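Me: I would like a close look at a single part of this protein, namely one helix and what surrounds it. Please set it in the context of the whole chain and keep to what the model shows.

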Amino acid sequence: MLLPFCFATPALAHHVMEAFPMKPSPFTGLLSGLLHPALGVDHLLFLMAIGLVGLRQQFRWVIGLLAIGLIGALLGLAWPNSLPGAEAWIGISLAIEALVLLDRLPKTLLLPAIGLHGFVLSASVLGWEPTPVIFYLFGLLISQGLLLWISLKLVKNLWSNWGSAAKLRIFSGILFGIGSSLIWSTLVP
C-alpha cells in the first residue's frame, strides 16, 4: 500500500508536457490541465483526503475549494516565482490537512492550502501563450472538480464502510509524514 509513496516525485515533476514533447496548444493545454493534478501523488493525495474531512454543505465546499484553487493558479501566473520553496508549501499543506483530519486544526485552513496547490500547478505553464493557458486552467478546474467529487462520494463512502478512528490516525500520520518529507527534501538539499 505504501509502495507508490516511495516513488513520489517533487510537486513540479509530474506535468504531462514533461513526459511527452508536445507544443502548447488548446488541446495540449486542456490535456495537461486534466492530467496534472492526477499525475502528482502530492496533489492527488491532497484532493482525495478531503473526502475524509467530513465536510458539511459539500457543494459549497467544492465551489469554494475550486474557486480558491483557481485564484491560486491565477496568482501563480501573475507573480511567477514569488513563492520561495513552493514544494515545501505543498508539504505544509499536506501536514495541515493531516491535522485537520485529526480535528487539531480548523477545516477552513483547507481553503488556503488548495490555493497553494493552485499556485504551484500554475508554474508548469509559465511562458505559454494565453490560449493554451486558458485551456489548461479549464482542464484543471474539470480535473480538480472531478477528483473532489470522487473524494466526497467514493472515498467518503468507502471510509464509512471500512474506516475507523484508529485507521484515520494512521492515515493522518502517513499524510503528515509525506508532507514532512516534501518539506525536508525541499529545504535540505
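Reply: What follows takes helix α7 as the part to examine and then works outward to its surroundings.

The model is predicted. The protein has nine helices and zero strands, so the order of elements from the N terminus is α-α-α-α-α-α-α-α-α, by the rule that helices and strands are DSSP runs numbered from that end. Of the 189 residues in the protein, 42% are buried. Among contacts between residues at least 6 apart in sequence, 83% join residues that are at least 24 apart. The accessible surface comes to about 9900 Å², and carbon and sulfur atoms account for 73% of that surface.

Helix α7 covers residues 110-122, which is 13 residues. From its first C-alpha to its last, α7 reaches 19 Å, close to the 18 Å expected at 1.5 Å a residue. The helix is mostly covered, with 11 of its 13 residues buried. These are L110, A113 and I114, followed by G115, L116, H117, G118, F119, V120, L121 and S122. What do the buried residues of α7 pack against? Their partners are five helices: α3, α4 (41-49), α5 (58-78), α6 (86-101) and α8.

The nonpolar cores come next. The largest has 31 residues, and F46, L101 and L175 have the most contacts inside it. Helix α7 is among the elements that each supply at least two residues of this core, along with α4, α5, α6, α8 and α9 (165-187). The largest share, six residues, comes from α6. A second, separate core has eight residues, including L121, V125, W128 and L137. L121 is also one of the buried residues of α7.

Helix α9 also contributes to the largest core. It has 23 residues and reaches 33 Å from its first C-alpha to its last, close to the 33 Å expected at 1.5 Å a residue. The buried residues of α9 are L168, F171, S172, L175, I178, G179 and L182. L175, one of the residues with the most contacts inside the largest core, touches L45, A49, L94, E97, A98 and L101, when residues up to four places away in sequence are not counted.

Helix α8, one of the partners of the buried α7 residues, spans residues 130-162. It holds S151, which counts as buried because its relative accessible area is 0%, under the 20% cut-off. Leaving aside neighbours within four places in sequence, S151 is in contact with L47, M48, A49, I50, G51 and K156. I142 is also in α8, but it counts as partly exposed because its relative accessibility is 38%, between the cut-offs of 20% and 50%.

I142 belongs to a nonpolar surface patch of about 410 Å², made together with L34, L35, L39 and F138. Helices α3 (26-39) and α8 each supply at least two residues of the patch. The largest share, three residues, comes from α3. Both α3 and α8 are also among the helices against which the buried residues of α7 pack.

Another of those partners, α5, contains F59. This phenylalanine is exposed because its relative accessible area is 65%, over the 50% cut-off. F59 and L152 are 93 residues apart in sequence, and their C-alpha atoms are 9.7 Å apart in space.

Two loop residues complete the picture. Most residues other than glycine have a negative phi. Q57, in the loop between α4 and α5, has a positive phi near 50°. D103 is in the loop between α6 and α7, and its phi is also positive, near 60°. Are these two residues buried or exposed? Q57 counts as exposed because its relative accessibility is 53%, and D103 is exposed because its relative accessible area is 63%.

To return to the helix itself, α7 has 11 buried residues out of 13, and it supplies at least two residues of the largest core.

How values were computed:
Residues are numbered from 1 along each chain as its sequence is written. This is a predicted model: local features need pLDDT of at least 70, side-chain atom pairs count only at pLDDT 80 or more; totals for chains, interfaces and linings use all residues. Side-chain values use heavy atoms; hydrogens and water are left out. Patches are made of residues with over 30% relative accessible area and no salt bridge: like charges are joined within 9 Å, nonpolar side chains (Val, Leu, Ile, Met, Phe, Trp, Tyr) within 5 Å. Accessible areas come from the Shrake-Rupley method with a 1.4 Å probe; for residues, only the protein chains shown count as cover. A salt bridge is a side-chain nitrogen of Lys or Arg within 4 Å of a carboxyl oxygen of Asp or Glu. Helices (H or I, at least four residues) and strands (E, at least two) are DSSP runs, numbered from the N terminus. Buried means under 20% relative accessible area, exposed over 50%, partly exposed in between (1.4 Å probe, protein chains only). The expected span of a helix is 1.5 Å times one less than its number of residues. Contact means heavy atoms within 4.5 Å. A nonpolar core is a set of buried Ala, Val, Leu, Ile, Met, Phe, Trp, Tyr and Cys residues joined through side-chain atoms within 4.5 Å.
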